[in-house]
Amino acid sequence: MADNIEELREELKEAKEEIARLKKDVENNRNAVIHFYRVEAAGKVVLKKDETERKLGKRAHTCRVCGAKGDFESYLSREMMQNKRDEFEYFVCPECGCLQIAEVPDNLGDYYGEGYYSFALPANPDKKYKSPATNHDKILDVGCGSGVWLSRLADEGYDNLFGCDPFLSQEVRHGDRVYIKNCSIHDMEGEGTFNLIHFGDSFEHVTDPLETMQSAARLLKDDGIIEMTIPTFPNVAFELFGPHWYQLDAPRHIFLHSRASMEYLADKCGLKVEKFVYDSNAAQMFRSFFYQHGVPFNDITWELALRFFTQEQLDEFAKNSEECNKNGFGDHMSVYLTKKEQPKINEKPVK
Ligand SMILES: [Zn+2]
């Protein structure tokens, strides 16, 4: 509340300006929805918590990872990155623990508009990538977009770099080190030749995770390594915010894998999980909070975060996240896969 009449006047003036802006937006039929949460603003950003019942109870589903059938906990999540707010049902398989979309929408491509982040231009990378590969190793980036990650590796001295992405309209080359094909991993050549196969937040997007992992296993060298970064379930952000968890990212994220569902798939492909490394951060808290309050992805800025949380609270989120990572309860991780041990030819038979 304003302390005096002068301040109140100032606030009202701001409110009027805000409403005028909003009206203009509506008239232009642009951004009207984006800024809806400011309607109640009266000069300030006031957030309105989404009160929709998003727990749907138990519903009949079949897990598309492990094949389990039954009545599984189901949820309603909404599209927030493009701010379309279309709603999608997800469910949790109690057998393998994978959270997954109930039905892949026919128009999935519509949710990858121009400017979708994996096709965006590189942001200035401030961190060097710590690769398990050496500079001359043959590296494949699956779902590489325009090749941001590969170009970075080229700059760091790697020189045998390949990518594939079925959403590219044509092949891409960056100098003489990066060669990107506009195809899915299933159409990649080079059986058993790749030292490192990387999926940078792309595995959760594929509709056929088993076949995709099989293709990766086919391309992998016997002593090669598959490195996947993925959002993962269960996690603390889902506990706190349910299907407003921002890395659920309906409907683009088809499968939010658990450790068990990754191990299940690996086993089917002749692979094994070497390790899970959790790396969630404070965003899982504050981004999910804003999704729960109707703020779309692109409107969530650091400035906005600081209007609702103190720096101390944000630091606390970061600390909590580190704690969750240690306990295997963060919302994002790297998974390292290798081929299962090869049978030793000279081993004596067990009697
Ligand atoms: Zn399952």
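A residue counts as buried if 20 or more other C-beta atoms lie within 10 Å of its own. By that test, helix α6 (residues 283-292) is mostly covered, with nine of its 10 residues buried. The model is predicted. Its protein holds eight helices and 13 strands. Buried residues account for 34% of the 351 residues.

**Confidence**

- The average pLDDT of the protein is 85, and 80% of the residues score at least 70.
- Residues 25-43 have a pLDDT below 50. In the model, this stretch still has 31 contacts beyond near neighbours in sequence.
- Residues 120-126 also stay under 50 in pLDDT. For them the model has five contacts beyond four places in sequence.
- Where pLDDT is low, the predicted coordinates should not be read in detail.

**Helix α6 and its cover**

- The buried residues of α6 include the aromatic-lettered F286, F289, F290 and Y291. Q284, M285, R287, S288 and Q292 are buried in α6 as well.
- Among the elements that cover these buried residues are α4, α7 (302-308) and α8 (311-326).
- An α-helix has 3.6 residues a turn, so residues three or four places apart point the same way.
- G294 comes just after α6 and takes a positive phi of about 80°.

**The nonpolar core**

- The largest nonpolar core has 74 residues. I139, I197 and A216 touch the most other members.
- Domain 2 (55-109) and domain 3 (123-339) each give at least three residues to this core.
- I197 has contacts outside its neighbours within four places in sequence. They are L140, V142, A216, L219, L220, G224 and I226.
- Across the protein, take the contacts between residues at least 6 apart in sequence: 68% of them join residues at least 24 apart.

**Parallel strands around β6**

- Strand β6 (residues 161-164) is covered on both faces. L161 and G163 are buried on one side, F162 and C164 on the other.
- β6 pairs with strand β5 (residues 139-142) in the parallel sense, over four bridges. Here V142 has C164 as its bridge partner in β6.
- Between these two strands, the chain passes through helix α2 (residues 148-155). This β-α-β crossover from β5 to β6 is right-handed.
- β6 also runs parallel to strand β8 (residues 178-181), joined by four bridges. In β8, I180 is the bridge partner of G163.

**The antiparallel sheet**

- Strands of a sheet pair through backbone hydrogen bonds, either parallel or antiparallel.
- An open sheet of five strands runs in the order β1-β2-β3-β4-β11, with antiparallel pairing.
- Its edge strands are β1 (55-62) and β11 (255-256), and each pairs on one side only.
- Within this sheet, strand β3 (residues 87-92) and strand β4 (residues 99-101) are antiparallel and share three bridges. V92 stands opposite L99 in β4.

**Cis peptide bonds**

- F233 and P234 are joined by a cis peptide bond, with omega about 0°. P234 sits in the loop between β10 (220-231) and α4 (236-241).
- Another cis peptide bond runs from A250 to P251, with omega near -5°. P251 is in the loop between α4 and β11.

**Positive phi outside glycine**

- N83 is a residue other than glycine, yet its phi is positive, near 65°. N83 belongs to the loop between β2 (69-78) and β3.
- N83 is partly exposed, because 17 other C-beta atoms lie within 10 Å.
- D201, likewise not a glycine, has a positive phi near 50°. Its place is the loop between β9 (194-200) and α3 (209-219).
- D201 has 17 C-beta neighbours inside 10 Å, so D201 counts as partly exposed.

Definitions and conventions: Residues numbered from 1 in each chain as written. Predicted model: local features only at pLDDT ≥ 70, side-chain atom pairs only at ≥ 80, totals over all residues. Buried ≥ 20, exposed ≤ 12 C-beta atoms within 10 Å, placed from the backbone. Contact = placed C-beta atoms within 7 Å. Core = buried A, V, L, I, M, F, W, Y, C linked by C-beta atoms within 7 Å. Domains from an automatic or database assignment. Pairing = 2+ DSSP bridges. Right-handed = clockwise from strand over helix to strand, strands pointing away. pLDDT = per-residue confidence, 0-100.
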